[in-house]
Each structure stands twice: as structure tokens, then as C-alpha cells.
Amino acid sequence: QNRPPPPPRRCRLLLSSSVTSASPTSSPAFRSEPPSVTSAAATVGGKKVTWGSSWLGMSWQLEVSWWLGWSDLVGLWEVAVVGGCQGWARSTGGVVAYSESQTGNELQKFENNKDIKPQKKKMVVLGTGWAGISFIKDLDPSKYDVKVVSPRNYFAFTPLLPSVTVGTVEARSIVEPIRNIIKKRSGEIKLCEAECTKIDLANKQILCKSTFENSPVPNREFALDYDYLIIAVGAQVNTFNTPGVMEHCHFLKEVEDAQKIRRTVVDCFEQADLPELSEEEKRKNLHFVVVGGGPTGVEFAAELHDFIVEDLVRLYPQAKDLVKITVIQSGDHILNTFDERISMFAEKKFARDGIEVLTGCRVLSVSDDSITMNVKATGEVCAVPYGMIVWSTGVGTRPVVKDFMEQIGQGRRRVLATDEWLRVKGSEDVFALGDCASIDQRKIIDDIATIFTAADVDKSGTLTLKEFKNVIDDVLVRYPQVELYLKSQHMNVTDLLRDSEGNEMIVDIEGFKSVLSHVDSQMKSLPATAQVAAQQGAYLSRCFNHLEDCITNPEGPRRFKGLGRHIFEPFRYRHLGQFAPLGGEQTAAELPGDWVAMGHSSQWLWYSVYASKQVSWRTRVLVVGDWIKKFVFGRDSSRI
């Protein structure tokens, strides 16, 4: 009884469970193949503990320790999760090690390591356009280590760029500094004003270069590691390799482009006002050509016409009968992505306003004083003199995206191909959205057999309407083209398994294929618009915000090839309508439900929608103020 008690003894039982990604039949939607596993380590209780990590899988180790003393036999259990399980997957466990320690420092070391927070996943976002800024605004940065890389430190409201070209709206009224946006977030988001020059997929790293102009400090190159990469770099102008376009044409993709156009328009009028110029030279200087009859080209032509008629003609009265605006379109109509009624209305209004529309013409080359084009109907090749050309004929892929596409076997594609969850095909943990990517929607005909097997619960080899109803909700979510097909045919979903008289049918696999054989004809690529990019950014940020919850409780549709459900529902674009300002305070509007409106009432709807879509109250007030200023004082023609 007089013998002093020995020091406490610590018995430690170390359990290990290796978490691996499930098979493709049960893995989450974001992953379609087993992930690669990397290793990490920490020191716990004087021992080096290792665990493997992957995108959706992480092996974990559970340490149970208790203290046994001679004076009492009460056990104090301490459970410490050294690594966190971040994937929904299978696990197997076993006793890895048993150790005894009599050192008093081990408990203190163990207590200190318990308080260490798990390291956040590194997320890099490329681009601050519509897709990138929508993703950043809705993302919860407290869950990730977020870095944004962009060659510009502001977001531009691009739908108003045509208004900037003529001074209806000032350039600074439609831009919002990125740092104003990210400072409002709950966590820290870092901005690097640089351009991504290469994506190193093998090392999960991007190479960047700063792009400061007229700076005494040389541009620097640096690299950033990532766990998740969000590519939202947008697109560049597509010249279709037409000779002379890059050298002699203006574009309308950036704020700087709009400012340059504004200065050139004023220069053309000033040059035409110089003495001793012939009338032919004046007409040439005042001939404005717009190549491309899409929404951007048409809106710019309308804004330019209003600027000339309402403001410049009063300042340059001698130019009234000399100025000319020409729109060149390779298709049969302008605004061919709109309802046919809108296209016809726009062409008639342009004809009344004196804007020449040349359809069915393909530009062959551009020189410093003329544009050469081919008239498809007659085969005639003609050269037209001009004072300024604005090229607005679509978008092309940026060099950094082209290089990345070569790495992943998509070199022959026009843009990056992603799955329905915006994950780039052929890569891991890389997502693409906006103009630089296109969703490669899976065809239902490729999965007909698995859908039939899943619906045929009694394994009879035939399918009844009741059995089909059990899977139709998941089919509509997984394959959105089914719903589009039903709308185009004015059918209900149950009509697929009814005959012409409305009677229920029982079909075998061949009959089921016949019923759905035309569904995939409704598959269409999404347009490269701000509306699509913004919805994709909001969707992807929500997926990352709820990743942990949805791994445990998947919300996506049923997996027909395998067990369980997809983690998330696939991206679904909701078309909210589109506008085409046509000048003279008239706008054409195409809204959901086949609702088409044209005229002055639609112009006020356009004002309200574009004001409400601004990213901040600051830009909202500035834009509305510019509209009011234009009504009161007119547009400014100063060359600054």
C-alpha cells in the first residue's frame, strides 16, 4: 500500500478504413471512374499517420485512446478523426496497430493535433465574365481556398456594349471591380490579375503570366496548384481565317473595343468635314459596315443609326445625305435565332430607317479601304469602300483552351465538351462553363436497354404503362430532350405508351425503342449567351456548396446503369427570353410561352430588365442615370 503508483499508461488502438470510390454503378455523378489517390500525412501522438485522398474519396483513420491509472479504473474515451471521409463509397477496416506509451508528452501532442483544422481544397477559377462572376457570387468561400485568375480586374455587363459604342451609356457605368464583389463574401477569395497561359493537367497546376501594360515592373510568370479547376475564360472573336479581318476590323467583345469604336465613329465624321475632300471620299469615310446580322451586330447598327440621326447630324449637317450603314449577313435573314416574326419586323424597320441589309453575302477579304464579298445568289464578287467595319460573326476558342483540348483528346472539337454536370470529359476535377464549353448531352437511345430493364420490374420482357410511370420522372430529369420532344408533339408523357385511339400499349424492347427513336432529334447546343453562362455559374456554385450534404443524401436522378442515384440533378437551362433593340426606342422581345412583342412597350421592358440585372446598386444607378442624361442632353460626341 506504501508503494507509489506508477505513471499512467496509455493504450492506443489504431483502426484504419480505406475509403475508395465506388464502382461506376454507384459512384457520384461528378465522377464516372475510380479516382487516383494521393497521400498526405500528419503527426499524432508522436506517430506519423498517413491517409490517402482523392476528389471524392479519402481514406481515414480513427484513433481511440484511453487512460488507465492505478488509483481509478475509470476509462476516458477520446475519439479523434484524423482524416475526414469526403466520399460516398465502400470501406473496409481492421486493426492496424496497437501501441503503449508511458511518456507524458504524448497526450499533449495528441490534444494539440486534435485542434488542427482540415486543409481546404484548392479551387482556381479562370475568368471573370458572366459564368465566372456568377459562380463566385454564389459560392461559399468558407469551404474552399479560392483563387480567381483573370487578365482584367472588373466585370463588364456585356449586353450594353453596343450602347457604350455611341455614348448612350458610359463605359464605367457597366463595369464593377471584382474586388468590390469578392469582399462581400463570407470567406476569403484571392484575385490574381494575370492571364492563364497553360493548364498542366498531369500535375494539377496552371501556369500564369501577369499582363500589366506600360508598367516599369516586368511581367511575372507563376504557377498555381488546384484541386478543382473552373474554366470560364469565355471565347474570342471568330474571323473564320478571313484575310485582313484582324488588321482592319473592329470587334465588340470587350469594353476597350466599344471605346475604340466610339472614337473611330467620331473620327470618321471629323475627317469627312475636312476641306478639299471630294464627295466620293466623304461618302467612303461615312460608310459604316457591320459584318454579322446576329443580336450584337443588329443592336450596334441600331444604336449607331440613332446616334447619327439624333446627335451627329445636328453637329455635322453637311453629312446628313452622305452617311450610310450597311449590315452584311451570310444567312437569308438577320436575327435568325429569333422568332421569324421578329426577323421580318427588324428587316422592315431597317429598310424604313435607311439601313441597308445585304443577306446571302459572304466576306472574302478586307483591305484598308474596301471589303470584298461574294453574293451567293448570283456568284458576283464585288468590293465596297468603307470608313469603318465592325466584325460580329460569332466566337472562337482561346489558345489556352485549345491547348488543353489537345491534352484531353478533344483537339478536333470547336469548344470543350462537358457532361451534364459541367465536368470536362476526359479530365478529373476540371469544370468548364460559359462560351468556352458545350454540354455533350447523353442520347437516350444509347441507354434504351438499361431503362427498359430498370422499368421491367417483373422481368416479363414487356413494359406496361404502369411500369413506365415508375421511371418516367427520372427519365425526364436525366434526358431533358424527352420533355422537349413531348412539347413539340403536343403530347403528355403517358401518350408515349398509348396508341392512336388512346388505349394503353404493352411493348417489348423493340417497341420501346420505336417509341423513343425520335426523341434525340430535339437535342440542341445551348447558345453562347450571357444568360446561359450566368445560369451555369449559379448551378455549379450550388453543387459545390452542397457537395457534402448531397454525397450523403443524393438529389439527382436514378442511375439506370447501376445502383443508387446521381449526387446532383444535371444542369437544366431555363430560357427566360431575349431582346433585340432596333433603335428609335423600339425593341423586339421574345419571351417564354411563344410570346412575341415589338415596339415602344418592349423598349421599356428592356430598360427595366437590364437595370435589374446589373451586378450592384452602384452600376444600376449609373446606367439609369446615363439613360436619363441621354434623354435630357443627348449623347456626347467628344473624342476622349
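Before you click anything, one term: a residue counts as buried under 20% relative accessible area, exposed over 50%, and partly exposed in between. Keep in mind as well that this is a predicted model.

**Stop one: Lys284**

Select Lys284, which you'll find in helix 7, residues 279-285. Is it buried, partly exposed or exposed? Its relative accessible area is 27%, so Lys284 is partly exposed. Now show what is around this lysine. Leaving out residues up to four places away in sequence, Lys284 touches Asp369, Pro385, Tyr386 and Gly387. Pick Gly387 from that group and check the C-alpha atoms: those of Lys284 and Gly387 are separated by 5.5 Å, although the two residues are 103 apart along the chain.

**Stop two: strand 20 and its partners**

Next, select residues 370-375, which make up strand 20. This strand is mostly covered, with six of its six residues buried. Turn on the side chains and see which way they go: Ser370, Thr372 and Asn374 point one way, while Ile371, Met373 and Val375 point the other way, and all are buried.

Add residues 361-366 to your selection to bring in strand 19, which runs antiparallel to strand 20 and is joined to it by five bridges. For one pair to look at, take Arg362, whose bridge partner in strand 20 is Asn374. Between strand 19 and strand 20 there are three residues, and the two strands form a hairpin.

Then carry on to strand 21, residues 381-385, which also pairs with strand 20 in the antiparallel sense, over five bridges. Here the pair to pick out is Ser370 with Pro385, its bridge partner in strand 21. You may remember Pro385 as one of the residues that Lys284 touches. Strand 20 and strand 21 form a hairpin too, with five residues between them. Click on Gly379 in that turn: its phi is positive, about 80 degrees.

**Stop three: an open sheet with a helix across it**

Now jump to strands 27, 28 and 29. These three form an open sheet in the order 27-28-29, with antiparallel pairing. Which strands stand at the edges? They are strand 27 (578-583) and strand 29 (595-599); each has a single partner strand, so one side of each is left without a neighbour in the sheet. From one strand to the next, the twist averages 10 degrees.

Zoom in on strand 28, residues 586-591, which five bridges join to strand 29. Thr587 stands opposite Gly599 in strand 29.

To finish, select residues 600-612. That is helix 17, lying across strands 27, 28 and 29 and running at about 70 degrees to strand 28.

Conventions: Residues numbered from 1 in each chain as written. Heavy atoms only, no water. Pairing = 2+ DSSP bridges. Helix = DSSP H or I, 4+ residues; strand = E, 2+ residues; numbered from the N terminus. Axes fitted to C-alpha atoms, helices over the stretch in contact; angles between N-to-C directions. Contact = heavy atoms within 4.5 Å. Buried < 20%, exposed > 50% of the residue type's maximum accessible area, 1.4 Å probe, protein only.
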